[in-house]
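Here are a few exercises to help you find your way around a new structure. Try each task on your own before reading the solution.

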Amino acid sequence: MNIQTDIDWPAFLSRHDMLWKTKPISWDEGAFIGNGLLGAMIYSEEHRDQRHVLRFVLGRTDVTATRSGNPKNFPVRVPIGELALEMVGWIYQPCEIRIDLWNAEMRAVIPTTKGEVRLRALIHATSPVACIELDTDEGEQGAEINWYAYPNVNPILKNADGINLNQYIPPIAVEKFEEKDVSFGVQSYGQGEGCTTAWKMLTHERAGACKEEDMPRGKNHRVCLLTVMNGVSEQDKENARRELDTIDVTETGLDQWISAHRMWWHNYYPASFISIPDMQLESFYWIQMYKLASATRKDMLPMDNQGPWMTSTPWPGLWFNMNVQMSYSPVYTANRLELGQSLISSLRQHEKQLIHNVPEAFRSDSAGLGRSSSYDLNSPVDDEVGNLTWLMHNCWRQYRYSMDSELLRDFLYPLLRRSICLYMHLLEEGEDGMLHLPPMVSPEYGSFKQLMTRDSHYDLSLLRWGCETLLHASERLEILDPLRERWNEILARLTPLPVDPALGYKIGEDLSLEFGHRHFSHLLAVFPLHIAGRSEEERILAIRTLRHWIAMEGDLRGFSFTGAASIASALGLGDEALAYVRSLMHFIKPNTMYKEAGPVIETPLAGAEAIQDMLLQSWGNLIRIFPAIPGEWKEAVFHNLRTEGGFLVSAVFKAGRTKLIRIRSLAGEPCRLVTDLAHSEEGFVIEVQNKTPDYKIHEGQSIEISLGQGEEAVIYAAGGSQNGAIVPIQGEPGMYNFFGGKKPWRLYGIPK
């Protein structure tokens with residue numbers, strides 16, 4: 001009963017390749033490659049003295065430097081230098097630079113005032129090795145690839161990234177040497193910290209041949225292989241050499257190595273599929289899928305604010321009052337749960353530190369996380385108590401979308417329990433007999449004024465969600481937890497979320513929303529927790545809050561609009577959700593990155609979730625098919641998106657109606673769908689392979705289907721057919737390859 005899929009993946013993704021016809025000249029425009037650990041941002045410079053240079057600005061996520069002084073000064077990410085392709089002539093126009101999404105590599109044809117350079121660059125999917133391959137004509141045979149330690153990067157290029165006013169840069173001692181055929185660059189920060197870069201250049205005679213269609217190979221063909229190790233010891237140097245020496249650089253060896261890289265990516269993309277009738281947003285979505293796997297992997301460090309693309313920033317670490325949570329938000333519905341494992345692994349590894357982050361008197365049963373830290377998660381809880389609990393909501397989604405009982409029992413339940421116990425220590429009984437929380441910060445509201453409030457929406461929502469979830473999990477695990485009675489009492493006696501009747505949810509008991517607020521911390525109960533907004537009364541309240549908030553100009557940011565879009569989708573407001581996502585596009589850089597005082601990658605990634613939420617949602621034990629389709633979208637399609645309960649869902653929307661749904665149960669959980677098919681005039685048909693379908697309709701709104709593990713059902717309109725195909729929506733060619741270089745004219749649909 002599998003729905004037929006007819007997706008030519010190379011052709012489909014090629015229409016979303018990032019494309020530059022003029023050279024990128026900043027981080028905001030750069031072409032990026034990465035493998036979850038090592039990354040490079042590729043761009044040039046307009047200054048006449050450096051117009052011949054194409055930069056490969058390197059980053060490795062685990063390279064940090066310790067700061068002295070204030071104990072809150074956690075070790076921070078630092079820049080690690082770059083490769084420079086230095087050509088004989090100036091880069092000329094028009095050039096062509098492309099990020100080939102399907103193969104996860106950059107390709108370029110760059111004319112100069114002296115000749116032409118052809119390039120291919122990638123960072124191997126499973127090895128921490130960058131490969132830059134170039135071929136030149138006679139006029140550019142003098143082109144060279146050179147490595148520069150960060151202190152030795154030309155000041156013109158450093159200034160092009162913005163003067164670094166905020167970020168800590170340690171004193172860096174540089175040593176550069178060669179051993180046999182490998183060059184080394186060691187950058188030492190003191191205290192044994194630093195990084196070791198190793199590279200080798202392969203000339204035409206020694207370089208492996210490439211397939212003719214990939215990269216023409218002439219007599220000026222060269223390959224640079226480079227790796228970076230975190231550390232400056234002899235062992236780090238040997239590890240770097242070993243990484244390079246394991247690559248077979250014979251004629252067939254390099255081809256096989258690159259083929260293995262491509263195979264990883266070819267297996268990655270088809271885990272799920274979406275196609276929508278807005279080419280700009282469709283391209284944006286698929287570039288985020290590329291970005292996710294370039295920024296993290298299941299066995300890598302968790303995503304910080306930059307991923308592996310380092311540049312000037314005031315936020316060179318992990319921030320937990322929104323950033324990490326939103327960065328991981330699209331992995332669940334996208335059926336890419338392996339990427340979510342990097343967050344789980346980090347919390348597992350540093351559980352003792354999470355316990356140590358709370359006051360000593362609470363460590364016997366509690367754990368927590370402050371606002372920001374390095375990868376060691378050393379961040380004592382201060383006036384933001386709920387950050388770990390919000391992270392546990394991400395972990396809960398990892399469990400609910402996988403139904404991994406071991407994850408629930410061994411990790412999620414005990415750590416969520418500890419995060420809620422911290423709140424329990426802080427609860428106070430008021431004169432009204434209700435339970436209240438003391439003054440705390442609602443993330444990002446009035447930060448410069450250091451505003452605090454009793455009974456903040458942020459904390460009340462997280463506490464209520466946590467107690468409900470622990471009660472559900474303890475029943476599922478058949479744990480007779482002695483705290484069950486207390487959790488039920490908290491749910492019964494916890495003060496309601498503070499409300500201003502005219503304006504909606506308040507920031508907290510002492511604070512109404514009176515000026516611009518970039519964070520949706522006062523709407524957390526609606527999204528992502530989904531514990532409010534279910535009744536019509538709550539829905540009206542949530543809409544009032546949403547519109548009052550987003551109308552308050554002054555402090556809105558890109559992530560304000562991702563949150564607003566997902567909130568609108570949760571409330572069934574598809575047209576409004578689309579308007580917010582389109583507003584987000586004004587904040588997005590030409591290469592789909594996002595930047596305020598520095599780069600923060602969570603915003604575009606959360607934008608991908610906002611698109612998912614228009615197509616599919618699962619919360620409150622209901623799977624919602626096309627719950628917030630904008631009125632102008634007359635068609636949409638998705639395949640193998642994942643939901644709570646461990647279901648894979650495919651669906652086709654045509655002529656403004658759902659035509660076909662396929663749902664496959666991976667765990668045998670209860671299956672209840674909300675779909676327009678449930679109340680269509682002509683009715684619907686359900687088919688389950690090899691058995692009579694067992695289903696019932698609830699109040700004409702939802703369909704409950706009995707599905708065992710591994711079983712699947714197909715639902716379609718009566719008079720229709722289950723033989724629908726998953727195919728991409730026909731796109732508008734004039735909007736293909738929208739991202740890359742600046743193309744503002746594309747917004748107006750000017751044909752190619």
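A quick note before you start: this is a predicted model.

**Exercise 1. Work out how β14 and β15 are joined, and what stands out in the turn.**

Solution. Start with the strands themselves: β14 covers residues 173–179, and β15 covers residues 182–190. Next, check the pairing, which is antiparallel and runs over seven bridges. For a landmark, find E175 and look across to V186 in β15, which stands opposite. Finally, go to the turn: two residues sit between the strands of this hairpin, and K180 there has a positive phi of about 55 degrees.

**Exercise 2. Follow β15 to its other partner, β16, and describe the pairing.**

Solution. β16 spans residues 193–202, and it pairs with β15 in the antiparallel sense over seven bridges. A handy pair to look for is Q187 facing C195 in β16. This is a hairpin too, with two residues between the strands, and Q191 takes a positive phi near 60 degrees. So how many of the nine residues of β15 are buried? Seven of them are, which makes the strand mostly covered.

**Exercise 3. Decide whether R241 is buried or exposed, and list what it touches beyond its sequence neighbours.**

Solution. First locate R241 in helix α3, residues 234–245. Its relative accessibility is 12%, and the cut-off for buried is under 20%, so R241 counts as buried. Now for the contacts: leaving out residues up to four places away in sequence, R241 touches E179, K180, D181, V182 and F184. One of these, K180, is the turn residue with positive phi from the first exercise.

**Exercise 4. Place P170 and find its contacts.**

Solution. P170 lies in the loop between α2 (155–160) and β14. With a relative accessible area of 5%, P170 is buried. Setting aside residues up to four places away in sequence, it touches A65, V78 and Y189. For a sense of distance, take L529: P170 and L529 are 359 residues apart in sequence, and their C-alpha atoms are 41 Å apart.

**Exercise 5. R336 is buried; find out which polar partners its side chain reaches.**

Solution. Look in the loop between α6 (323–327) and α7 (337–349), where R336 sits. Try a salt bridge to begin with: the nearest side chain of opposite charge belongs to E338, at 5.7 Å. A salt bridge needs atoms within 4 Å, so R336 has none. Then turn to backbone oxygens: the R336 side chain reaches that of Y268 at 2.6 Å and that of Y269 at 3.0 Å. Residues that R336 touches, not counting those up to four places away in sequence, also include A271, S272, W286, M289 and V331.

**Exercise 6. Step back and describe the whole protein: how many helices and strands does it have, and how compact is it?**

Solution. The protein has 16 helices and 35 strands. Its radius of gyration is 27 Å, close to the 27 Å that the globule rule gives for 752 residues, so the protein is as compact as a globular protein of that length. Along the principal axes, the C-alpha atoms fill a box of roughly 80 × 70 × 45 Å. Of the 752 residues, 62% are buried. Last, look at contacts between residues at least 6 apart in sequence: 67% of these join residues at least 24 apart.

Technical notes: Residues numbered from 1 in each chain as written. Heavy atoms only, no water. Buried < 20%, exposed > 50% of the residue type's maximum accessible area, 1.4 Å probe, protein only. Helix = DSSP H or I, 4+ residues; strand = E, 2+ residues; numbered from the N terminus. Pairing = 2+ DSSP bridges. Lys, Arg positive; Asp, Glu negative; His and termini not counted. Polar contact = N/O pair within 3.5 Å; in protein donor to acceptor, adjacent residues only side chain to side chain. Contact = heavy atoms within 4.5 Å. Rg over C-alpha atoms; globule rule 2.2 N^0.38 Å.
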